Amino acid sequence: MKIKVELDGRDFIEVECLGDNAQAPGRVLNVSHMGCTEFMDMMKKMRRSFGADISKWPLPEGQDHSSLLLREMVLRLRGEWQPVNAEEEVCHCRNISAHTIDQAIIAGARTPEVVTRQTSASAQCGTCRPEVHKMIQYRLNQQKAS
């Protein structure tokens, strides 16, 4: 089984695991990653400090895109990743997907207003704004999503 976490068109981590269960992926067999200098440096430093098994790495504390991607991968490998929004579409007025909103957050949108500017989510009726806010809080690890 392969697990891939990415900032579309920029940085990614892909891990090949022994198991077939996404909730408990199994032993890490192969890791590939590509991205900006910051991302590549972080991956090299973590590997040097904590070994090859990403699932055993400590969770990055930062809010930069590199930390957010790596945090997601570590949690996925531990079977602890729980995306906030299970629905594909978050903003029904503008047909904006959870993936589009999440990518904006990874790329630097830290408030619902910035997410709206970058994606147009919640620009029409605003009923999805609380969901966008929950997604930001979860992704930035500010608090558990409810």
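1. The largest nonpolar core. In this predicted model, the largest nonpolar core holds 20 residues. Ile13, Val15, Ile54, Leu70, Met73 and Leu77 touch the most other members. Several elements feed this core: β1 (2–7), β2 (11–17), β3 (28–34), α1 (37–50) and α2 (65–78) each supply at least two of its residues. The top contributor is α2, which gives five.

2. Valine 15 as a case. Which residues does valine 15 contact, once its neighbours within four places in sequence are set aside? The list is Met1, Lys2, Ile3, Val28, Asn30, Val31, Ile54, Met73 and Leu77. Of these, Ile54, Met73 and Leu77 are also named among the core residues that touch the most other members. Met1 is taken up in point 9 below.

3. A second core. Apart from the core just described lies another one, of 17 residues. Its members include Ala98, Ile101, Val115 and Met135. The helix contacts in points 6 and 7 bring these names back.

4. How α1 meets α2. The two helices pack with their axes 9 Å apart, at an angle of about 50 degrees. That angle makes α1 oblique to α2. The crossing is right-handed. On the α1 side, the contact is made by Glu38, Phe39, Met42, Met43 and Met46. On the α2 side, His65, Ser66, Ser67, Leu69 and Leu70 take part. By class, the contact residues divide into six nonpolar, three polar and one charged. Leu70 also appears in the largest core, among the residues that touch the most other members.

5. Helix α5 and its cover. In α5 (residues 129–139), the buried residues are Val132, Met135, Ile136, Gln137, Tyr138 and Arg139. What lies over them? The cover of these buried residues includes α2, β4 (89–91), α3 (98–106) and α4 (112–119). After α5 comes asparagine 141, with a positive phi, near 60 degrees. On helices in general, there are 3.6 residues a turn, so residues three or four places apart point the same way.

6. How α3 meets α5. The axes of α3 and α5 come within 10 Å and cross at roughly 50 degrees. The pair is therefore oblique. The crossing is right-handed. From α3, the contact uses Ala98, Ile101, Asp102, Ile105 and Ile106. From α5, it uses Val132, Met135, Ile136 and Arg139. Seven of the contact residues are nonpolar, none is polar and two are charged. Ala98, Ile101 and Met135 are also members of the 17-residue core.

7. How α3 meets α4. Here the axes come within 10 Å and cross at roughly 115 degrees. This crossing, too, is right-handed. Thr100, Ile101, Ala104 and Ile105 of α3 meet Val115, Gln118 and Thr119 of α4. The classes are four nonpolar, three polar and no charged. Ile101 and Ile105 are listed in this contact and also in the contact of α3 with α5. Val115 belongs to the 17-residue core.

8. Threonine 116. This residue lies in helix α4. Is threonine 116 buried or exposed? Its relative accessibility is 14%, so it counts as buried, the cut-off being under 20%. Beyond its neighbours within four places in sequence, threonine 116 contacts Ala121, Ser122, Ala123 and Arg129.

9. Methionine 1. This residue sits in the segment before β1. Its relative accessibility is 25%, so methionine 1 counts as partly exposed. Methionine 1 and leucine 18 are 17 residues apart along the chain, yet their C-alpha atoms are separated by 6.6 Å. Met1 is also one of the contacts of valine 15.

10. Arginine 10. This residue is in the loop between β1 and β2. Arginine 10 has a relative accessible area of 45%, so it is partly exposed. Not counting residues up to four places away in sequence, arginine 10 touches Met34, Gly35 and His65. Of these, His65 is also part of the contact between α1 and α2. Aspartate 102 is 92 residues away from arginine 10 in sequence, and the two are 14 Å apart from C-alpha to C-alpha. Asp102 itself is one of the α3 residues in the contact with α5.

Key:
Residues numbered from 1 in each chain as written. Predicted model: local features only at pLDDT ≥ 70, side-chain atom pairs only at ≥ 80, totals over all residues. Heavy atoms only, no water. Core = buried A, V, L, I, M, F, W, Y, C linked by side-chain atoms within 4.5 Å. Buried < 20%, exposed > 50% of the residue type's maximum accessible area, 1.4 Å probe, protein only. Helix = DSSP H or I, 4+ residues; strand = E, 2+ residues; numbered from the N terminus. Contact = heavy atoms within 4.5 Å. Axes fitted to C-alpha atoms, helices over the stretch in contact; angles between N-to-C directions. Parallel < 35°, antiparallel > 145°, perpendicular 65-115°, else oblique. Left-handed = near helix turned anticlockwise from the far one by under 90°. Nonpolar A, V, L, I, M, F, W, Y, C, P; charged D, E, K, R; others polar.
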